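The following exercises are to be worked with the sequence and the model at hand. Each task is followed by a solution in steps.

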Amino acid sequence: MAPREESAGLRHGDGGQQDEARLSRRSLLSWMIGGSAGLIAVVLGTQLIGFAASPAFEAPSSDWVDLGPLDAFQPGVPKNVQFVITHRDGWKEESKAASVWVVRGNQGTNDVKVFNGHCTHLGCIYSWQAATRTFDCPCHGGEYTIDGRVIAGPPPRPLDALEFKVSGGRLSCLYQDFKLGVSQKVPA
Amino acid sequence: MKEERGRGFRNWLDQRLGYRAAWAAVFERSIPEGLNWAYTLGSATLFVFILQALTGIFLALYYTPNPDNAWQSIQFIENHVAFGPMIRSLHHWGASAMVVLVFLHMLRVYFMGSFKYPRELTWIVGVILLFLVLAMGFTGYLLPWDEKAYWATTVGTNMVGAVPFVGSFLEGLLRGGPSVGVLTLPRFYAVHMLFLPALLVLFITLHLVLVIRLGISTPPKAARQERLMYENRAPVGRSAAAQRGVRG
């Protein structure tokens, strides 16, 4: 019951003017309330949907690793690059240390080889021997040429060359580990 | 409310659902004269509750009630999820707003005498709701699983331990063990997410049914004026106010 409205003759308006007044006041208020509710619903709804859908828009994680400017690598002189790979799965982050050997040739900017730093035999860390110009693995005597070909020891396949790209003068590679001890190069 | 017979989907729906009558009962009911903004505190609380429910449901998409990951999952919400800081902040500040609003609402009801006949049950249900809201605040406080949360819960459950005779039992019941740890977090999470919301929805529904059924109490000042009017008009007949029966 609203005596105030009654006394103003607005509730049961019998004149056109009063009727109009009642309608406009009521409808103005309901538009304001409905508008505010709609605004809140839209703003909140958009954010809630975005919040829920967020992982679906996440770009798949890529393991391209920046190896620095290409000019830092001299032709014919293999160079070791160490880095940390971080793999993110939701709030879980796994980091591991990895390394590659970069070998540049004389045939321009695309004459590059990037080798996974693990020996293909059982995964030991091999290194470049400048005296013999070979990659030697200390564990079981595996030896590779500068191109990664096996010349001695038990390694079942050549060194694992990685995909690489040069953009803006910087070298990067797609780091990958491969199954050890087998003659085929199969991603691990 | 006049029943509308006719064609169209709305009429079809109304004839089966009676939603127009329900809408009118909730949104077009008579309210007494002399109300002010303090009488909107209950609705404000309901609004914030709905906001808390929505944001809480969505936060559950990412939050992980496991001591090893709880904190990290919140960092993930804060740093990696779209609108994450916004949704979490809404829930965080909404929790405080709930407590403030229910208290203000209670003060309004108390000082306007709205708890009197025939609204005692509404008041009692309201007090139950007050405790449920405080329990929500207490259980929700642990979930971020940071230092503040951990020690606040340690202190809070220590207080329960001070209850005579059954204190240590209650403390163990709350913690799920002798200290706040691995079992406490899922326990508080379940209570915060499932037990309490179920009870809250039940009692809020009851509270609203009572509010709609009994109507809003007339504020004391307006009631006094109505009484005066009635007394002046007494020889003529019963006024509309008197016919409505007891009001506050």
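**Exercise 1. A hairpin in chain A**

Which residue in β3(A) is the bridge partner of A:Lys79?

Solution. The bridge partner of A:Lys79 in β3(A) is A:Val102. Before going further, note that this is a predicted model, in which local features need pLDDT of at least 70, side-chain atom pairs count only at pLDDT 80 or more, and totals for chains, interfaces and linings use all residues. Residues are numbered from 1 along each chain as its sequence is written, while chains are lettered from A and ligands numbered from 1 in the order in which they are written.

Step 1. Strands (E, at least two residues) and helices (H or I, at least four) are DSSP runs, numbered from the N terminus. Two strands pair if DSSP finds at least two bridges between them.

Step 2. β2(A) and β3 (residues 92-104) of chain A run antiparallel and are joined by 11 bridges. Another of the pairs links A:Arg88 with A:Glu93 in β3(A).

Step 3. The hairpin of β2(A) and β3(A) has two residues between the strands, and A:Gly90 in the turn shows a positive phi of about 60°.

**Exercise 2. From hairpin to sheet**

State the strand order of the open sheet that contains β3 of chain A, and identify its edges.

Solution. Step 1. The order is β2-β3-β4 (chain A), three strands with antiparallel pairing.

Step 2. β2 (79-89) and β4 (112-116) of chain A each have a single partner strand, so one side of each lacks a neighbour in the sheet.

Step 3. Direction ignored, neighbouring strands of this sheet are turned by 35° against each other on average. The strand axes are lines fitted to C-alpha atoms; angles run from 0 to 180 degrees between N-to-C directions, and for helices the fit covers the stretch in contact.

**Exercise 3. A second sheet**

Describe the open sheet that contains β9 of chain A, and its hairpin.

Solution. Step 1. Three strands are arranged as β1-β10-β9 (chain A), with antiparallel pairing. β1 (64-69) and β9 of chain A are the edge strands, each pairing on one side only. The twist from one strand to the next averages 25°.

Step 2. Four bridges pair β9 (residues 164-167) with β10 (residues 170-174) of chain A in the antiparallel sense. Opposite A:Ser167 is A:Arg170 in β10(A), and opposite A:Val166 is A:Leu171.

Step 3. Two residues lie between the strands of this hairpin, where A:Gly168 takes a positive phi near 60°.

**Exercise 4. Two helices of chain B**

How do α3(B) and α5(B) run relative to each other, roughly parallel or roughly antiparallel?

Solution. Step 1. The axes of α3 (residues 41-59) and α5 (residues 84-111) of chain B come within 9 Å and cross at roughly 155°.

Step 2. Angles under 35 degrees count as roughly parallel, over 145 as roughly antiparallel, 65 to 115 as roughly perpendicular and the rest as oblique. α3(B) and α5(B) are therefore roughly antiparallel.

**Exercise 5. The contact between the chains**

Determine which helix gives the most to the side of chain B that touches chain A.

Solution. Step 1. The contact takes 18 residues from chain B and 12 residues from chain A, two residues being in contact if their C-beta atoms, placed from the backbone, lie within 7 Å.

Step 2. α3, α4 (70-79) and α5 of chain B each supply at least two residues of the chain B side. α4(B) gives the most, with four residues.
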